[in-house]
Amino acid sequence: MSLRYRFSFTIGAFFLVLASISESSHAARIVVGDSQHWRFGFNYTDWALKNAPFYQHDTLVFMYDPPSNTTFPHNVYLMKNLRSYLACDFKKAKLVGNVMQGGGNGLQYVLKKRRPHYFACGERNGVHCKFGLMKFSVLPIRSCHA
């Protein structure tokens, strides 16, 4: 086997392995709370710990019913920092999903940056966050294909 042939074979094998790695490392679509969706009384911190790690470019999907006579309204905020997240202080939080956006295919949020993301429901003046456990944080890590 000539040196040129072995080199070509090695390079070809390398690209084949690289292609298979990138095929299996596409960003994931993750439904927050799995089958429980985004609702009052479910522990999302536990859910996030059980579903970690999260990767940069993963998409979190928040699914919740629009407000009605039989459902509580929910929304999704991105909290400014750890302090506001822990205190459920929404003064500087950014609304990323209003009460109507969780229906159908859900509200989708892409984890674009590798920094902590603090999510919470701000309904009922933060009661859903404080007492309903409707908050969690994720720190996306770099994915193989990023």
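This report walks through a small sheet, the cysteines and a nonpolar surface patch. The model is a predicted one, so please read every value below as computed from it.

**The sheet**

Let's start with the strands. Three of them make up an open sheet, ordered E1-E2-E5, and their pairing is mixed. Strand E1 (29-31) and strand E5 (107-110) occupy the edges and have a single partner strand each, so one side of each lacks a neighbour in the sheet. From one strand to the next, the twist averages 25 degrees.

Strand E2 covers residues 59-62 and pairs with E5 in the antiparallel sense, over four bridges. If you would like a place to look at this pairing, find Thr-59, which stands opposite Val-110 in E5.

**The cysteines**

Next come the sulfur atoms. How many disulfides does the model hold? The count comes to one, and this disulfide joins Cys-88 to Cys-129, with an S to S distance of 2.0 Å. The link of Cys-88 and Cys-129 is left-handed, with -75 degrees about the S-S bond. Cys-88 sits in the loop between helix H3 (82-87) and strand E4 (94-97), while Cys-129 belongs to helix H4 (residues 127-130), so the bond ties together parts that are 41 residues apart in sequence.

Why does Cys-121 have no bond to the closest cysteine sulfur? That closest sulfur is in Cys-129, and the 8.2 Å between it and the sulfur of Cys-121 is too far for a bond, because a disulfide calls for two cysteine sulfur atoms within 2.5 Å.

The table gives the burial of these cysteines.

| Residue | Relative accessible area | Class |
|---|---|---|
| Cys-88 | 6% | buried |
| Cys-129 | 1% | buried |
| Cys-121 | 0% | buried |

For these classes, buried means under 20% relative accessible area. Cys-88, at 6%, falls in that class because its value is under the cut-off of 20%.

**The nonpolar patch**

Now to the surface. Which residues make the nonpolar patch there? Phe-40, Val-127 and Phe-131 do, and the patch has an area of about 300 Å². Val-127 is one of the residues of helix H4 (residues 127-130), the helix that also holds Cys-129 of the disulfide. Phe-131 lies in the loop between H4 and strand E7 (135-138). Is Phe-131 buried or exposed? With a relative accessibility of 64%, Phe-131 counts as exposed, because the class begins over 50%.

Technical notes. Residues are numbered from 1 along each chain as its sequence is written. This is a predicted model: local features need pLDDT of at least 70, side-chain atom pairs count only at pLDDT 80 or more; totals for chains, interfaces and linings use all residues. Side-chain values use heavy atoms; hydrogens and water are left out. Two strands pair if DSSP finds at least two bridges between them. Helices (H or I, at least four residues) and strands (E, at least two) are DSSP runs, numbered from the N terminus. Axes are lines fitted to C-alpha atoms, for helices over the stretch in contact, and angles run from 0 to 180 degrees between N-to-C directions. Buried means under 20% relative accessible area, exposed over 50%, partly exposed in between (1.4 Å probe, protein chains only). Patches are made of residues with over 30% relative accessible area and no salt bridge: like charges are joined within 9 Å, nonpolar side chains (Val, Leu, Ile, Met, Phe, Trp, Tyr) within 5 Å. Accessible areas come from the Shrake-Rupley method with a 1.4 Å probe; for residues, only the protein chains shown count as cover. A salt bridge is a side-chain nitrogen of Lys or Arg within 4 Å of a carboxyl oxygen of Asp or Glu.
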